[in-house]
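Grab a coffee and work through these exercises with the structure open beside you. Try each task yourself before you read the solution.

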Amino acid sequence: FKVYWLQFLLMQLVALPLFAVHYFPQEKLSPINVLGIILWAIGLAWETIADLQKNAFKNQAGHSHRICNVGLWSLSRHPNYFGEALLWWGIGLSGLRAEIAWSLLGPAFINFLLLKVSGVPLIEERHKHNPEFQIYASETPVMIPSLKKILKYFKISQKV
């Protein structure tokens with residue numbers, strides 16, 4: 001009973017932006033709502049592409065125990081978590097209005113879980129003694145890729 005109530009309460013906290021969008025519908029989208037929809041789409045695509053790239057890398061001969069450092073994995077050590085965070089911030093912003101700013105608690109909580117509890121710490125701990133991972137970690141940001149790396153990766157001129 002205690003375990004399920006804790007999961008229920010955590011789920012409610014994470015779902016706050018969904019409740020805000022559903023129970024407080026808007027007639028017109030504001031620019032911040034449109035930004036949220038765009039962030040959600042980018043986050044979903046980023047997370048999906050990162051997972052596909054990692055699966056393709058791990059399925060190559062001799063790569064099953066190697067550290068994936070190609071594609072989006074060259075931009076950050078946890079691009080799938082970065083996509084997940086963007087997705088939830090997008091949902092939070094898509095329904096944001098002044099009277100329901102509490103909807104941003106869900107994305108903030110997801111970021112906390114990913115960065116401090118169940119996502120990044122568990123994986124980083126598992127690989128901390130791996131020399132290949134140590135080199136990768138010294139060269140690659142944890143979750144949020146640098147703008148410079150993103151621009152270079154997508155071959156976008158840095159003279160914007």
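**Exercise 1. Find which side chain R77 meets in a salt bridge, and work out what the pair ties together.**

Solution. Keep in mind that you're looking at a predicted model.

- Step 1: look for a carboxyl oxygen within 4 Å of a side-chain nitrogen. For R77, the partner is E124, at 2.9 Å, N to O.
- Step 2: place both residues. E124 sits in helix 6 and R77 in the loop between helix 3 and helix 4, so this salt bridge links parts that are 47 residues apart in sequence.
- Step 3: check how covered they are. Both E124 and R77 come out as buried, which means under 20% relative accessible area.

**Exercise 2. Track down the other salt bridges, and sort their residues by exposure.**

Solution.

- Step 1: know when to stop. The structure holds three salt bridges.
- Step 2: take R66, whose side chain meets that of E132 at 3.1 Å, N to O. R66 belongs to the loop between helix 3 and helix 4, while E132 belongs to helix 7, so the pair ties together parts 66 residues apart in sequence.
- Step 3: take K128, which pairs with E125 at 2.9 Å, N to O.
- Step 4: sort them, with partly exposed running between the 20% and 50% cut-offs. R66 has 35% relative accessibility, so it counts as partly exposed. E132 is also partly exposed, at 24%. K128, at 37%, lands in the partly exposed class, and E125 is partly exposed too, at 46%.

**Exercise 3. Describe the largest pocket: how much space lies in it, and which residues and helices line it?**

Solution.

- Step 1: get the volume. About 210 Å³ of space lies in the largest pocket.
- Step 2: go to the centre. The lining has 15 residues, and K54, I67, W73, I123 and H127 are the closest to the pocket's centre.
- Step 3: list the contributors. Helix 3 (31–58), helix 4 (79–94), helix 6 (120–127) and helix 7 (131–139) each give two or more residues to the lining. Helix 6 gives the most, with three residues.
- Step 4: sort the lining by class. You should get seven nonpolar, three polar and five charged residues.

**Exercise 4. Decide which residues make the nonpolar surface patch of about 600 Å², then say whether F1 is buried or exposed.**

Solution.

- Step 1: name the members. The patch is made by F1, W5, F8, L9 and M11.
- Step 2: place F1. This residue lies in the segment before helix 1 (2–14).
- Step 3: apply the cut-off for exposed, which is over 50%. F1 has 75% relative accessibility, so F1 counts as exposed.

**Exercise 5. Zoom out: what are the secondary structure, the span and the buried share of the protein?**

Solution.

- Step 1: count the elements. There are eight helices and zero strands, so don't go hunting for a sheet.
- Step 2: size up the C-alpha trace, which spans about 55 × 50 × 25 Å along its principal axes.
- Step 3: work out the buried share. Of the 160 residues in the protein, 36% are buried.
- Step 4: try one residue pair. L35 lies in helix 3 and is partly exposed at 38% relative accessibility. From L35 to F109 is 74 residues in sequence and 20 Å in space, C-alpha to C-alpha.

Key:
Residues numbered from 1 in each chain as written. Predicted model: local features only at pLDDT ≥ 70, side-chain atom pairs only at ≥ 80, totals over all residues. Heavy atoms only, no water. Patch = residues over 30% accessible without salt bridge, like charges linked within 9 Å, V, L, I, M, F, W, Y side chains within 5 Å. Areas by Shrake-Rupley, 256 points an atom, 1.4 Å probe, with all protein chains shown as cover. Helix = DSSP H or I, 4+ residues; strand = E, 2+ residues; numbered from the N terminus. Buried < 20%, exposed > 50% of the residue type's maximum accessible area, 1.4 Å probe, protein only. 1 Å grid on protein atoms, 1.4 Å probe; cavity = no way out; pocket = protein on both sides within 12 Å on 5 of 7 lines; lining within 4 Å. Points joined across faces, edges and corners; volume = space filled by probe spheres on them. Nonpolar A, V, L, I, M, F, W, Y, C, P; charged D, E, K, R; others polar.
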